[in-house]
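Here's a quick tour of a protein model for anyone who'd rather think in side chains than in file formats. Have a look at the sequence and the structure, then read on.

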Amino acid sequence: MTRPHGADGVGDVQPRTPRPPAHEHGIQRVDNDARLSDELASVVGGARRRAVRDGDRQIDTAHLLHSLLESDAEVRAAFGEGPQIARLLGYLVQRSIGYGLRWQSGVEDSGAVPVVTGAAGFSPLAAACMEYACVRAAERGGPARGTDLLAAIVVDPQARAVEVLGRAGIDPGEVLTRLDGRSCVAEECGEAAH
């Protein structure tokens, strides 16, 4: 997953539009991004509300995963049949205790690549996942959907969402394989190969 440079300030382009007032700057609204499907914009809004309610400074990948699971049937289907979804949601609901408390003292960032700028309100890793989801969607010629965001989340082992998946006994690689298989079917990859 490649992400734009700029973590050290080199190459950053300052926005020409004025910054929002301080009271709006907390967890910035990005759900009006034209690159997002309506469904994914709704997921982002749900993740933002969850982060605010939990008293978190930023939307992280666990907030996004929780909102995706609650709102997107395609995302839930990527986890297959069985009790995995219930177990996973159980871990996500417990965010206010245990590892969730540990997360409040730090910023979610893999540190492997420079930070995506211009996505205030998101952890650096969540911002990069949002950008990667948009790039993935652009390659097929459409707005980013929930499955694009899930694919972006599960490829980074440092993501908080991946930590929760591990605790729930879910292999992120298997989820990605299912997502890629569904994407291929949706785009009729089998016919393209003939």
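Thr147 is found in helix α8, where helices (H or I, at least four residues) and strands (E, at least two) are DSSP runs numbered from the N terminus. With a relative accessible area of 8%, Thr147 is buried; here buried means under 20% relative accessible area, exposed over 50%, and partly exposed in between, using a 1.4 Å probe and protein chains only. Leaving out residues up to four places away in sequence, Thr147 touches Asp72, Glu74, Val75, Arg136 and Leu179, contact meaning heavy atoms within 4.5 Å.

A word on the ground rules: this is a predicted model, local features need pLDDT of at least 70, side-chain atom pairs count only at pLDDT 80 or more, and totals for chains, interfaces and linings use all residues. Residues are numbered from 1 along each chain as its sequence is written, and side-chain values use heavy atoms, with hydrogens and water left out.

Ala151 also belongs to α8, a helix covering residues 146-154. Is Ala151 buried or exposed? At 1% relative accessibility, Ala151 counts as buried. Ignoring its neighbours within four places in sequence, Ala151 is in contact with Arg136, Leu176 and Leu179. The C-alpha atoms of Ala151 and Leu176 are 5.8 Å apart, though 25 residues separate the two along the chain.

Now for the whole chain. There are eleven helices and zero strands, so to speak of the order of elements from the N terminus on is to read α-α-α-α-α-α-α-α-α-α-α. Buried residues make up 42% of the 194 residues. Take the contacts between residues at least 6 apart in sequence: 64% of these join residues at least 24 apart.

Next, helix packing around α9. Two packed helices are described by the angle between their axes and the distance between the axes. The axes here are lines fitted to C-alpha atoms, for helices over the stretch in contact, and angles run from 0 to 180 degrees between N-to-C directions.

| Helix pair | Axes come within | Crossing angle |
|---|---|---|
| α3 (residues 61-71) and α9 (residues 160-167) | 6 Å | roughly 60° |
| α5 (residues 84-93) and α9 | 9 Å | roughly 125° |

The crossing of α5 makes it oblique to α9; angles under 35 degrees count as roughly parallel, over 145 as roughly antiparallel, 65 to 115 as roughly perpendicular and the rest as oblique. α5 passes α9 in a right-handed crossing, the near helix being turned clockwise from the far one by less than a right angle (anticlockwise would be left-handed). Leu88, Tyr91 and Leu92 of α5 make the contact with Val164, Leu165 and Arg167 of α9. Those residues split into five nonpolar, no polar and one charged, where Ala, Val, Leu, Ile, Met, Phe, Trp, Tyr, Cys and Pro count as nonpolar, Asp, Glu, Lys and Arg as charged, and the others, Gly among them, as polar.

α3 and α9 are oblique to each other as well. Thr61, Ala62 and Leu65 in α3 meet Arg160, Ala161 and Leu165 in α9, a set of four nonpolar residues, one polar and one charged.

Just past α9, Gly169 sits in the loop between α9 and α10 (172-186). Gly169 is exposed, at 54% relative accessible area. Its C-alpha atom is 8.5 Å from that of Leu88, 81 residues away along the chain.

Finally, the cysteines. Cys129 is buried, with a relative accessible area of 0%, and Cys134 counts as buried at 7%. The disulfide count comes to zero, a disulfide being a pair of cysteine sulfur atoms within 2.5 Å.
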